[in-house]
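Ready to poke around a protein model with pencil in hand? Here are some short exercises, each with a solution worked through in steps.

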Amino acid sequence: MKEISEAMMDVQSECEVIPRDFLCCKLCEEEFKQPKYLVCFHSFCQQCIDKYMLEHNHNGSYWCPICGTETINQEKGTNNLSDNLLAQRLVSPSTNSQQKDKICTICKNGGNFIDAKGFCINCGDFLCRECTDLHMEQADTSDHQLETMEEHAIRTEYEESAKVGHVVPRCCSYYDPLDISALFCVDCDTAVCGDCHLSYHEEHRCAEMVAVAENFQNKIKQPLEELQNDATQLQEAMISLQKAEQNTIEQQKELHQIVKKRTKYLSELIAQYENVLLEEIDRRHAQHLDDIHERRKDLQMHLAAIDGVSDFTEKLLSYGSFEEKVLMRKKVGKRVRELCEEPLLTDSMTPQRVKLTEPNVAIETVCNMFGELKTIEENPESDSSKVAEQVYVDSGHESEVLDNAETDETLQPTDDYEVESEQLGSTTGSDVKMLTLSNNSDSLRNVKFREEVEEAEYEAENTFTLENPKREITLPHTIQQECLKGIGINKYGDMIVGASSGNYQIVYLLEKRGIIRGQVPVPAGWTIHSVASDGKVALTVARGDNRYKVRVMKNDGSGKILANMQIENYGLNFVTSDQLGNLIVASNRYSHVTNFGKMTSKAGGNISLYDHQGFLKRRITNEDYQDLGMYILEKPHCIAVDNNLGNFYVADPGNHNVTGFDNTGELLFEYGNSDEEAEIYDGPDLVCTDSQGNVLVADKRMGKIDVLTNKGELKKSLFTEDIIKYISVTPDKLLMVATAEGTIKFHEYLN
């Protein structure tokens, strides 16, 4: 009992003022109401964590809002979370338990303030030494039960703990914590009385509860010190990241200033080169800044996790009762071990140095005044002077020499890049040609000067190669493993991907960086038939001979249905709809009435137009144009709807052409192979539209994408070495090309 009393007084003497943040919920910032703690020991009100869990629940788990540690939600609500009994008890402590000095009640009534040395349980009075002796001598109080101040403090603590329930399980109702024979069974995690100890726990590891608590307190100190060392290293790494970020930003600003300083000495003819270089600088630094921000986030989460368990443990050691310490010893120890074993991301992140090289300035190579962006791998141990030598080097561009090029006159740059106006002079025709060839960047070499284009070069100017994508992503591995039915892009820039794996079919919604934002499972029995370039997904179910149930999903990723009907059609090659829910179906056969009045099917490509109720409005066949001697449909394969104009366009690899129709089915144009030009297409296979009314037609076999006007006039041809799977156009006017390798590339195609 003496050891218990001394330990109890030590705990009480450590700190009387409990920090408010330990007793406040981090979500509502109010005092705890039914506090619960997560596996990371961050505590919240039960109502607050319930609400947070409902909003952030993901596949049966959620993450701590402070440090991001995952908590598995095995039951509904927070029923599986433990009560923070320590905080619950400290939120409303009793007045008596917070007072260190107790005054004798009898002497106080007489006007004297003498420290109490004992407490009468029967009377509820504090007594000094003299009053205690008188109390025991009087006949009417001689049988009262007295206790020392230490015993009173321990009993008061257990009574306060009882208000929130027993902290540690007890063996039976006869258990008395003040009984000298009361022990704690380490094997059973139970407080046992003397009788139960002899009857059931004699061969178990048993000890006084204060001894178990002190053992935990002594053993946990060293791991906590190790965690504090880890926290110090993480903080130093945070400082290093801050410096790296500042250096990156300053370097970026410096490069911007250099580019702008050089830009002012160039003529209007080459002013566009400035933006090209600025965007390249931003692109190169953005990746490293993203890495720094990601590393900072990881460090912050690790620090928050350490702070959570450290703060909780310190408060437990400072304010916790023995039972609370015993209860929490395994959980705290396990959590501390987990954090001690978790790797520290403290390795330094040295940003790659990107410098603008000094230009080799000459009249025939004015573009090289911008220099070239080079990434230099820095060695932290290397001398700064050596780094400087690596940074400022000539760009190494050597211009191609033309017959009429002036190579004698060159400009030597001064320290402040001043150039005499007489040296620059006027740009001659040969100089203009030099400018198009001088810079090493392929995107800059594509710049054309219209005054230099001759009529004979018109066809070559309208043929381009898709080489340097503006953006490139890779489809998530889970999607690549499935069978793709199509990829489209909606007006928000999101990618809609239809995929199937056995009997399981699903529609994915991906944001522009390829991250899955959502997914819509296809109802059982339905099949993804077609995915249009604008993201509309057509689902079908065969209902008998030539009868189908058809649904078209909206392209916003919500899974809502735009068109829902049952149709009768001889096969389905491609199915889509316009914005009003009118269905457009392509097939190879159609119904035909013979001269004998018998209904049969007839071979020949056709397009069927259904209204939103499923009634056939029109079927377009070659018979409609036989008087004109036109044969426009053979095996229509892909349909794209212009949602702005209402027109729709059909790619027909069987007839090697693309045809355009208005919303009533009237022919707008036909473009493709003919007797005069039989080698335009081997396909085509795909078609899509953009916001400017252009029609883009892809031929997979030729690796070719044509850009047509909505009247069927060729504007340009684009070639790629990638195997084309699907095409579409983003709202920011980039051509999306999905390849057979699982990558998606975005190209500028209008410039």
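The exercises below go from a sheet to nonpolar cores and then to salt bridges.

A quick note before you start: this is a predicted model, where local features need pLDDT of at least 70, side-chain atom pairs count only at pLDDT 80 or more, and totals for chains, interfaces and linings use all residues. Residues are numbered from 1 along each chain as its sequence is written, and side-chain values use heavy atoms, with hydrogens and water left out.

**Exercise 1.** Work out which strands stand at the edges of the open sheet of five strands.

*Solution.* Start with the vocabulary: helices (H or I, at least four residues) and strands (E, at least two) are DSSP runs, numbered from the N terminus. Two strands pair if DSSP finds at least two bridges between them.

Next, write down the order, which is β14-β35-β34-β33-β32, with mixed pairing. Now read off the ends: β14 (463-465) and β32 (686-689) each have a single partner strand, so one side of each has no neighbour in the sheet. As an extra, neighbouring strands here are turned by 20 degrees against each other on average, direction ignored (axes are lines fitted to C-alpha atoms, for helices over the stretch in contact, and angles run from 0 to 180 degrees between N-to-C directions).

**Exercise 2.** Find how many bridges join β34 to β35, and which residue is the bridge partner of Ile 705.

*Solution.* Locate β34 at residues 704-708 and β35 at residues 714-719. The two run antiparallel and are joined by five bridges. Then look up Ile 705: its bridge partner in β35 is Leu 718.

**Exercise 3.** Which residues touch the most other members of the largest nonpolar core, and which helix supplies the largest share?

*Solution.* A nonpolar core is a set of buried Ala, Val, Leu, Ile, Met, Phe, Trp, Tyr and Cys residues joined through side-chain atoms within 4.5 Å. Buried means under 20% relative accessible area, exposed over 50%, and partly exposed in between (1.4 Å probe, protein chains only).

The largest core has 47 residues, and Leu 38 and Val 332 touch the most other members. Elements that each supply at least two residues include β2 (43-45), α9 (209-263), α10 (273-319) and α11 (322-341). The largest share, 11 residues, comes from α10.

Now zoom in on Val 332. Leaving aside neighbours within four places in sequence, Val 332 is in contact (heavy atoms within 4.5 Å) with residues including Phe 41, Phe 216, Val 309 and Leu 316. Apart from this core lies another of 28 residues, among them Phe 648 and Val 658.

**Exercise 4.** For the salt bridges Lys 315 with Asp 311 and Lys 470 with Glu 748, say where the partners sit and whether they are buried or partly exposed.

*Solution.* A salt bridge is a side-chain nitrogen of Lys or Arg within 4 Å of a carboxyl oxygen of Asp or Glu. By this rule there are 18.

Take Lys 315 and Asp 311: they meet at 2.6 Å, N to O. Both lie in α10, four residues apart, about one turn of the helix. Lys 315 is buried at 9% relative accessible area, while Asp 311 is partly exposed at 26%.

Now take Lys 470 and Glu 748, which meet at 3.6 Å, N to O. Lys 470 is in the loop between β14 and β15 (471-474), and Glu 748 is in strand β38 (residues 743-748), 278 residues apart. Lys 470 is partly exposed at 44% relative accessibility, and Glu 748 is partly exposed at 44%.
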